[in-house]
Amino acid sequence: MFKNYLKIAWRHLTKSKVYSVINVLGLAAGMAVAMLIGLWIWDEITYDRSFTNHRQLAQVMTTSISDDGSSSTVPNVCRPIAGELRNKYGSDFKNIAMATWSWGHSLAVGDKIISAHGPWVEDKFPTMFSLNMLKGNINALNDPTAIIINASMSKTLFGDADPMGKIIRLDSKDNYKVAGVFRDFPDNTTLYDAKYFLPWKKYITTEQWVKDAATDWNDQSWLCFAQLADNIDMDKETERIKNVVMAHRNKADGVQSSYLYPMDKWHLYSEFKDGTPTGGPIQFVWLFSIIGVFVLLLACINFMNLSTARSEKRAKEVGIRKTVGSLRAQLIRQFLTESVLVAFVSFIFSILLVTILLPLFNSLAAKNIQLPWRSPAFWLCTLTFTCLTGLLSGSYPALYLSRFEPIKVLKGTFRAGRYASLPRKVLVVLQFTFSIALIIGTVTVFKQIQFAKNRPINYRKEGLISVGGVTQGLPNFYDAVRNDLLASGVVDNMAGASDGTTYLGAWRTGFNWAGKNPNTLPSFGFMLMTEDFGKTIGWQMKEGRDFSKDFSTDSLAMILNESAVKQIGMKKDIVGENIQYDGKNYHVIGVVKDIIQESPYKPVTPMVYLLSHTWIGNVTVAIKTGVPVKDALAKIETVFKKYNPDLPFNYTFNDEDYAKKFADEQRIGKLATLFTILAIFISCLGLFGLSSFVAEQRKKEIGVRKVLGASTYDLWQMLSKEFALLVIISCFIAIPLAWYYLNNWLQQYDYRTSTSAWVFVVSGVGALVITLITVSFQAIKAALANPVKSLRTD
C-alpha cells in the first residue's frame with residue numbers, strides 16, 4: 001500500500017510541473033533558511049562548551065555602586081583576590097588562576113618575527129581550561145622561563161621541526177623556552193585569539209607597578225578565573241565570597257562586591273545592568289529562532305495554499321476513490337505521503353542551497369560553520385525535521401481534500417463554496433505580515449547603526465594610527481622619537497598613553513573628594529598619558545586647560561570628562577578642586593568633552609586622565625592632512641625602526657578600529673537582510689502560484705469581459721486588487737506588531753534612534769509594489785490572451 005502511495009504521489013508531482021516546482025523551491029528555500037539558522041544557533045549555544053570543565057569554571061567579576069545608587073559590573077579584579085580566595089575558601093575551589101588580558105607581543109625565532117596575542121597566566125590556568133596538549137606538560141608554566149604555543153604558531157615559527165626546547169624571543173627583550181604545544185581553540189570560544197600563554201611568575205617581576213599591586217586592593221587591572229570543586233553551587237558560593245574585597249577596605253570608601261560568573265553565560269549573557277546580567281547574543285539567538293520558524297512556516301503555507309486552491313482538479317479523484325471503498329484515513333495517508341515526498345525532494349535541494357550559501361553566510365555572520373556531513377545526529381535531526389515539515393505542510397490539504405462528498409463530485413455539482421478561499425487568504429495575510437515585519441525590522445537595525453555612527457565622538461576621526469610592536473621601551477627614548485616624527489614632515493603630533501582612543505583597559509576606585517557620599521564606591525575609567533595626547537587626538541576642552549610641559553605641577557594634575565564631573569556631582573565649578581587618589585592629592589585642571597572609547601550605544605564611562613611618561617601601552621600618531629598615507633607610514637616606520645630595529649612595525653587606523661564597534665549590529669542587519677529577501681522570495685513564489693491559478697480559473701470570465709469591451713487595465717485591476725487588499729491588511733497587522741517589538745528592542749540601547757513613521761510607510765509600500773509586480777505577470781498574461789480560445793471550449 002505504501003509503495004502505491006509513493007507511486008501515485010510521484011505521478012502527481014511530475015504531472016503538475018509548474019506547481020511542483022513552486023512547492024519544491026519554496027520548501028527548499030524555507031528549509032535552507034531554517035538549516036542555516038539552526039547551524040548558527042548551535043554554534044552560539046555551544047560557545048565555550050569545548051572546555052571539559054565549563055560547568056565548574058567561572059570568572060570573578062567586580063560590581064561597584066556609584067553615588068546615584070546604580071551599579072556597574074566589570075571583569076577586572078585586584079591582584080590580592082586570588083590569594084584571599086585560596087586561603088579562606090580553598091576547599092570550595094579546585095583551582096584559581098590570575099591572568100592578564102590577551103595582549104599583543106612580537107615573537108621572534110631567528111630572523112622570523114610575527115605578532116600575536118596571548119595572556120600571562122598562572123600555572124594552573126591550562127589545567128582549568130583543559131588545554132589539549134599535543135606536546136609537553138600541561139603544568140609547564142610553573143617554570144618562569146617557559147612558553148606554551150598553539151599548533152598553528154608552532155607551524156608558523158618552526159615549520160615541521162619539533163619546537164620543544166626551542167627559544168622564542170619576546171618583544172626583542174626576553175627569551176622563553178617552548179615547553180608545550182596545544183591544539184588550537186575552536187572558533188566559538190572566549191580564548192580563540194590566545195595563540196600562546198606566558199608564565200605569571202615572570203610577569204609579576206617585570207614592572208614595579210605590578211609588584212606593588214600584590215597588596216593593592218584598589219588597582220583592578222587583572223582577571224581572575226576559578227574552578228569550583230564538585231557539588232559546589234555557583235550562586236551559593238557567590239554569596240559567600242561577595243565581601244572578600246570589602247574585608248580589606250574601609251566601608252567609608254564605598255561598597256564593592258565580588259561575583260562568580262559561570263563560563264556557560266560568558267558569551268550569551270555578556271551584558272550587565274545594575275549588577276545583574278541582562279542579555280547579550282542570547283537575544284539574537286531567540287530572534288533568529290523565531291525568524292527560522294516563520295520562514296519555514298511561509299514555505300509550508302505556500303504548499304497548503306496551492307494544494308487547496310487546486311482542490312477542484314483533484315475532486316473527481318477523491319470521489320472515485322471513495323466510491324470504490326477508500327476510507328478517509330487512507331486518503332489522508334495518501335495526501336500526507338505526497339507532502340512528505342515533496343518535503344524530501346525539497347530537502348535534497350535545500351542541502352545543495354545551504355552548501356552554496358554557507359560561504360556567504362559565514363562571511364556575513366563572521367563564523368566558520370561547516371556542514372557536519374559525518375555526524376549521525378545531524379542527519380537524524382534533519383531527516384526528522386524534513387518529515388515533520390512534510391506532515392505540517394500536508395496536514396491541512398489532506399484534511400480538506402479528504403472530506404469531499406463523492407456524490408456531489410461525480411454528479412458535477414461540487415463547488416468549493418464562497419468561503420472556500422478564506423483560509424487561503426488568511427494564510428497569505430499571515431505570510432505578508434511576517435515579511436513586512438521583517439522588512440521593518442531590517443530597516444530599523446540599519447537605522448540604529450547609522451544613528452550611532454553619527455554620534456559625536458569628540459576627537460579627530462581621520463588620520464590617527466595606533467602603533468605597536470616597535471614601541472617597546474618607548475619611555476627611554478620618547479622625546480627622541482617624537483622629535484624625529486615631527487621633523488619628518490608627515491606627522492602633526494604623537495603621544496603615548498596607557499590605552500588608545502577606541503578601547504579602555506583599566507578602571508579604578510578609591511577616589512575621594514569633598515562632599516563624597518561615604519556609602520558608595522564609584523568606579524572611574526583610568527588613563528595615563530603624555531602631555532600631547534589631547535592635542536594629538538584633537539579632544540575638546542570644555543573647561544580649564546590641557547596638560548602642558550609648561551607647568552611642573554601637572555605631575556599631580558587631573559583632567560576629567562563630562563561624565564566624571566556628573567558622577568562626582570559637585571555643585572560648584574570642579575576646575576581647581578582637589579581629588580585624593582592612591583595617597584596623593586590631585587588638582588583638577590580641566591574638563592574634556594566625553595570621547596567614545598567603548599560602545600557607541602552606551603553612556604560614556606566617567607574618566608580620569610593623569611600624566612605619565614613611564615607607562616605607555618599605546619602610541620597614537622596623527623598624520624598630516626593631505627599627506628599620502630603610504631608615504632607617511634613609510635617615514636613613520638623608518639623613525640620607529642631607528643630605535644627598535646628588531647621589532648615589527650604594527651599599526652591600525654583608529655577610524656577602522658572604531659568602525660569595528662558596529663560589527664555585531666551590522667552582522668545582524670546583514671543576516672536579517674538575507675533572511676528577509678528569502679522570506680519575500682518564498683511569499684512571492686506562493687503568490688505567483690496562486691495568481692496563476694486564479695487567472696486560469698477565471699479565464700472564461702476574462703474572455704467574456706474582454707469580448708464585452710473590458711480593457712487590459714480593467715482586467716489587470718480585477719485580478720490584482722484582491723491580492724493588493726490582502727497585503728494592505730497585512731500592513732495594518734504587521735506595523736503595530738513591529739513597532740511594539742522594535743521599540744522594546746531599542747530600549748536595550750542607551751543611545752538609540754526613534755521608530756520613525758517613514759520606515760513603516762516605505763516598508764508597506766515596498767511590499768505592495770512587490771506584490772503587484774508578482775501578480776501582474778499572470779494578470780497581464782491572462783488579459784492579453786485571445787478570448788476566442790477560452791470561450792471555444794465552453
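Which residues are linked with K367 in a network of salt bridges? D43 and E44 are the residues linked with K367 in that network. A salt bridge is here a side-chain nitrogen of Lys or Arg within 4 Å of a carboxyl oxygen of Asp or Glu.

The model is predicted: local features need pLDDT of at least 70, side-chain atom pairs count only at pLDDT 80 or more, and totals for chains, interfaces and linings use all residues. Residues are numbered from 1 along each chain as its sequence is written, and side-chain values use heavy atoms, with hydrogens and water left out.

**Exercise 1. Describe the protein chain as a whole.**

Solution.
- Step 1: The protein chain has 24 helices and 28 strands. Helices (H or I, at least four residues) and strands (E, at least two) are DSSP runs, numbered from the N terminus.
- Step 2: Of the 794 residues in the protein chain, 52% are buried. Buried means under 20% relative accessible area, exposed over 50%, and partly exposed in between (1.4 Å probe, protein chains only).
- Step 3: Among contacts between residues at least 6 apart in sequence, 78% join residues at least 24 apart. A contact means heavy atoms within 4.5 Å.
- Step 4: The protein chain exposes about 36,100 Å², of which carbon and sulfur atoms supply 58%. Such areas come from the Shrake-Rupley method with a 1.4 Å probe; for residues, only the protein chains shown count as cover.

**Exercise 2. Locate the nonpolar cores and examine W40.**

Solution.
- Step 1: A nonpolar core is a set of buried Ala, Val, Leu, Ile, Met, Phe, Trp, Tyr and Cys residues joined through side-chain atoms within 4.5 Å. The largest one has 129 residues, and W40, F361, Y609, V621 and I636 have the most contacts inside it.
- Step 2: Helix α2 (residues 17-45) supplies the largest share of this core, 14 residues.
- Step 3: Apart from its neighbours within four places in sequence, W40 is in contact with F284, V285, F288, F361, A365, K367, I369 and L671.
- Step 4: A second, separate core has 42 residues, including I168, W200, L228 and L260.
- Step 5: In soluble globular proteins, nonpolar side chains tend to be buried together.

**Exercise 3. Determine the surroundings of strand β13.**

Solution.
- Step 1: Strand β13 (residues 223-228) has 6 of its 6 residues buried, so it is largely enclosed by the rest of the structure.
- Step 2: L223, F225 and Q227 point one way from β13, C224, A226 and L228 point the other way, and all are buried.
- Step 3: Strand β1 (residues 57-65) runs antiparallel to β13 and is joined to it by 3 bridges. Strands pair if DSSP finds at least two bridges between them.
- Step 4: Strand β3 (residues 93-99) is likewise antiparallel to β13, with 6 bridges.
- Step 5: A226 in β13 stands opposite A58 and opposite I96.

**Exercise 4. Characterise three salt bridges.**

Solution.
- Step 1: The structure holds 18 salt bridges. Side chains of opposite charge can pair when their charged atoms come close.
- Step 2: R49 and D264 meet in a salt bridge at 3.3 Å, N to O. R49 is in the loop between α2 and β1 and D264 in the loop between β14 (256-262) and β15 (271-273), 215 residues apart. R49 is partly exposed at 36% relative accessible area, as is D264 at 22%.
- Step 3: R86 and E122 meet at 2.7 Å, N to O. R86 lies in helix α3 (residues 81-89) and E122 in the loop between β6 (120-121) and α4 (125-128), 36 residues apart. R86 is partly exposed at 35%, whereas E122 is buried at 15%.
- Step 4: In the pair of E562 and K542, the closest N and O atoms are 3.2 Å apart. E562 lies in helix α17 (residues 562-568) and K542 in strand β22 (residues 541-544), so the pair ties together parts that are 20 residues apart in sequence.

**Exercise 5. Identify two residues with a positive phi and state their exposure.**

Solution.
- Step 1: Most residues other than glycine have a negative phi.
- Step 2: A366 has a phi near 55 degrees, a positive value. A366 is found in the loop between α11 (328-365) and α12 (376-401), and is partly exposed at 49% relative accessible area.
- Step 3: D582 has a positive phi of about 55 degrees. D582 lies in the loop between β24 (578-581) and β25 (584-592), and is exposed at 55%.
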